[in-house]
Structure formats: C-alpha cells, structure tokens
Amino acid sequence: MPRLRIAAGLVAGLFAASSHAASSAPAAPDVTRHQAQIDKIVAEISPKRIDAYIRKLVSFETRHTMSDTTSETTGIGAARRWIRSELERCGAGTSLQVSFDSHIAPVSARISRPTEIVNVVATLPGTQDASKDRLYVVSGHYDSRNTDVMDASGKAPGANDDASGTAAVMEMACVMAKYKFDATLVFMAVAAEEQGLLGAGHWAKTAREKNLNVAGMFTNDIIGSSRADDGRVDNKQVRLFAQGVPATKEMSDTVRQLVATGGENDSISRQLARHVKEQGERYVKGFKVNVIQRHDRYLRGGDHMPFLEQGYAALRFTEPNEDFSHQHQNLRTENGKVYGDLIEFVDVDYTAKVAKVNAAALASLALAPSAPQGAKVRTDKLVNDSTLVWQANPEPDVAGYRIVWRDTTAAGWQGSKFVGNVTETTINMSKDNYFFGVQAVDKDGNVSVASYPAPLR
Ligand SMILES: [Zn+2]
C-alpha cells in the first residue's frame with residue numbers, strides 16, 4: 001500500500017524538528033515485524049546438538065584450568081582442541097575464523113604455577129563497511145571445577161557450569177556462521193573463569209588496549225537447568241543480570257553525569273538489556289527474559305565483569321533457580337542424595353531456549369545500526385517540552401531515528417515516535433518527568449540500542 005506509506009512518512013515528518021527537512025522524512029519502517037533471518041536462526045538452534053556438545057565436554061572428565069593438556073581424551077587441553085576443531089568443522093565454507101587466544105597466567109590466589117590460559121575464539125566478520133568494526137561478543141566458560149578449586153585432577157564434569165553455556169555458544173556460532181550480519185559477532189569459549197575470570201579478563205583487557213568497539217557482551221554461565229533445589233521446575237524464563245552504576249571508588253565523568261540526571265537505570269548495560277529483553281521475547285514465544293537490575297547474583301561474579309571493568313556494556317544469562325548441590329561439588333552420594341554437576345541434571349530443551357534468546361538478540365544487534373552518538377537534551381531554556389539532538393549515524397541503510405520514553409519508575413520503554421531522518425526533534429513531554437532514549441532505525445526496521453541523552457549545556 002504505497003499511498004499509506006507516504007502518508008505515514010508525512011505524518012512522521014510533521015512531528016520532526018522544524019529546522020531540518022521534515023518533508024523529506026521517509027516512511028517509518030515497521031519495527032515490530034519479524035526479520036526472516038532471525039526466525040530461521042532461532043528455528044535452527046538444536047537441543048539435540050547442544051546435548052551432544054555437553055556430553056562431549058563432560059567426557060573429558062575434568063576441564064580444570066590446571067589439568068592435563070597432553071592427553072587426547074581427558075583434561076582441558078583435549079577439551080579446547082576439540083572445541084576448536086568442532087568450530088572449524090561446522091564453520092567450513094563460511095567466513096567464520098577460529099583461533100586460540102592464549103596467554104600465560106602467573107601464580108596467583110587460584111593459580112599454583114604459571115599456566116597457559118587459552119580461549120577458543122570464533123569470529124564472524126560483519127559485511128557492512130560502516131559496521132564491521134562494531135563487535136558483539138558472546139561467551140561461555142569451558143573450564144570446570146569441583147569442591148576444591150585447586151583440585152586439577154579430580155572429576156569435575158561441569159555439565160551445567162559451564163558446558164551448558166559453552167555448548168550454547170558453539171551452537172550459535174555454527175548456526176549463525178551461515179548468515180550475514182552488518183556488524184561482527186565474536187563467539188568465545190573462555191578458560192579459567194573458576195580461577196578468577198582470567199580468560200575473559202585477558203580478552204577484555206586486550207580489546208580495550210586495541211580500542212576495539214565492543215558494543216555489547218553476554219556471558220552464558222549456568223544456563224543448563226530449569227529445576228531449583230526444592231524441586232520446582234521453571235523452564236519459562238531466564239535471568240539477565242544488568243549493571244546500573246558501577247561500584248567504583250571514584251565516579252567517572254560519564255557516571256557522574258548519569259547520576260546527576262537521575263539516569264542510574266540508563267547505563268549502557270541496562271540499555272543493552274532492554275534491547276535483549278525486547279528482541280528475545282519477540283522471537284522466542286512464551287519465554288521471559290527476566291532482567292535483574294544487578295551486575296550479577298548477590299555479591300557474585302562472572303565473565304562479563306572484566307568487560308564491565310573495561311567500560312563495555314556486558315550482561316549475564318543464568319537459569320532462574322540454581323541448585324547448589326550440583327555446582328562446584330565433588331561427585332558423591334550422601335544419605336541417598338547425589339552431588340555433582342552431572343549431565344542428568346541438565347535440561348537441554350531449556351538450554352536451547354536460552355541459546356535462542358541469545359541468538360535472536362545477537363542477530364538483531366548485528367543487523368541493526370549502532371546506537372546514536374552524541375545524544376543530548378537541550379537545557380538552555382526552561383521549557384516543559386524536550387528537545388533532543390544527536391549525531392547522524394554512519395550506516396548507509398539508516399532510515400531515521402526513533403525517540404523512546406518511559407516513566408521514571410518504569411523498567412522498560414513505554415512509548416515511541418519515529419521522527420524521520422533528522423538529528424534534532426522536540427517531544428511535547430517534559431524531561432523532568434520521563435526518561436528518553438534515541439534509537440537509529442534502518443530501512444528493514446532493525447532498531448538500535450537506545451542512547452541516553454546527556455544534558456546539553
Ligand atoms: Zn560458571
């Protein structure tokens with residue numbers, strides 16, 4: 001219906017900023033329709049293959065970071081060589097690039113001798129010039145442990161913690177490698193999470209040193225079970241941990257500005273989480289992404305933390321209820337109760353659901369434009385409407401921009417308006433009473449993560 005589309009464009013233009021060519025505003029792209037490519041990816045994620053990956057990872061008996069590296073059948077060396085070969089096999093004929101990212105960790109609290117820490121990294125380069133330097137990283141940790149974190153030889157199957165996350169990442173890499181994305185995707189199986197987040201820490205630090213544009217990172221850690229320790233089964237949701245203001249001794253200027261404007265809930269990780277929740281729930285029907293407004297479980301941590309420390313947006317996926325008798329436990333039976341992180345306590349259909357949420361979110365991020373830069377709200381006059389400005393996006397397929405808003409007590413966006421291909425607009429709502437975000441929208445309806453407007457003084 002071309003006539004209707006033109007009319008919609010004119011309406012959007014009328015509401016756009018007067019100082020820009022409002023009449024040239026394109027029709028608002030349909031941002032609610034499903035992208036066919038994402039539906040296909042979500043459908044292809046296979047519980048059966050995830051099950052096979054977890055079983056193989058468990059078969060190495062232990063994947064402790066300081067375990068044997070020479071055997072072909074047991075220990076962390078065999079495990080990482082298998083992960084690499086499997087990714088190379090399934091990525092054959094695609095542009096997936098698989099490599100080891102290795103460094104030597106010196107002796108520390110949980111490292112008793114200098115130890116080679118090896119991440120297995122599979123990179124799918126973006127295909128759009130303006131976006132290929134924008135990276136989205138997804139990880140799981142393939143190392144495991146039992147009761148004693150220094151026990152490098154006792155059995156540590158680590159089926160849930162974290163063969164589940166590793167298997168999800170491998171499955172995503174294998175499925176998504178057959179598709180094209182504007183931005184670059186990095187699939188990582190990292191080591192030494194249990195010894196102090198050393199593998200992820202090394203990669204994140206190197207990324208910052210190289211000034212890489214990591215626009216978002218998710219770790220998948222303990223996504224294998226839908227059953228709580230009291231027996232309740234909840235296979236309809238996943239927790240997504242998202243940091244607000246970081247717990248640093250001194251505030252950075254960025255954080256100070258956030259706090260000064262009441263934006264504690266609009267950190268880059270919270271904005272990323274809003275996007276993941278919206279896209280994950282759109283593509284995986286009947287499954288909830290339960291955003292927890294904390295960096296991790298109470299006083300605990302994971303591989304997203306080194307990314308947060310380097311100033312990147314980073315999130316953690318974890319099952320809704322953990323069962324601690326199957327986490328960091330020596331294999332044993334006490335009073336008829338089985339302890340240990342065994343495959344029989346993993347629900348692969350559940351893990352596949354979480355992998356689908358990850359894949360939908362990653363695909364949507366890597367197909368969409370970058371979050372607009374330089375978003376600001378004018379503060380030079382005391383007025384009851386809100387004028388927002390931002391820089392034009394670099395991607396050639398951007399159709400325009402969308403303003404989103406919510407009440408100050410709401411967690412997610414409640415309203416939106418497409419304002420056309422402009423870099424300034426006035427919304428007839430007070431910046432005193434709402435939080436705003438600026439999003440870029442491409443011609444296919446892919447929407448960027450929202451940018452929080454800083455005060456323009
Ligand atoms: Zn873990």
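Welcome! Start with helices α3 and α10, which are roughly perpendicular to each other, because angles of 65 to 115 degrees count as such and their axes cross at roughly 110 degrees. Keep in mind as you look around that this is a predicted model.

**Stop 1: where α3 meets α10.** Select residues 47-58 to see α3; its axis and that of α10 come within 9 Å. Now show the side chains at the contact: α3 brings P47, I50, D51 and I54, while α10 brings V348, D349, T351, A352 and A355. Colour them by class and you will find six nonpolar, one polar and two charged residues.

**Stop 2: helix α2.** Next, select residues 36-44, which form α2. Which residues of this helix are buried? They are I38, I41 and V42. Turn the view until you look down the axis of α2: these buried residues fall within an arc of 95 degrees, so they line one face of the helix. The spacing helps here: an α-helix has 3.6 residues a turn, so residues three or four places apart point the same way. On the face turned away from the buried side, look for the exposed residues A36 and A43.

**Stop 3: the partners of α2.** Add residues 159-176 (α5), 268-283 (α8) and 348-367 (α10) to your selection, as the buried residues of α2 pack against these three helices. You have already met α10, in its contact with α3.

**Stop 4: residues 368-457.** Finally, select the stretch that an unreviewed UniProt entry annotates as a Fibronectin type-III domain, residues 368-457. Here the chain is 0% helix and 43% strand. Pick the C-alpha atoms at its two ends: they are 30 Å apart.

Definitions and conventions:
Residues numbered from 1 in each chain as written. Predicted model: local features only at pLDDT ≥ 70, side-chain atom pairs only at ≥ 80, totals over all residues. Buried ≥ 20, exposed ≤ 12 C-beta atoms within 10 Å, placed from the backbone. Helix = DSSP H or I, 4+ residues; strand = E, 2+ residues; numbered from the N terminus. Arc of directions from axis to C-beta. Contact = placed C-beta atoms within 7 Å. Axes fitted to C-alpha atoms, helices over the stretch in contact; angles between N-to-C directions. Parallel < 35°, antiparallel > 145°, perpendicular 65-115°, else oblique. Nonpolar A, V, L, I, M, F, W, Y, C, P; charged D, E, K, R; others polar. UniProt positions renumbered as here; feature names shortened; annotations may be inferred.
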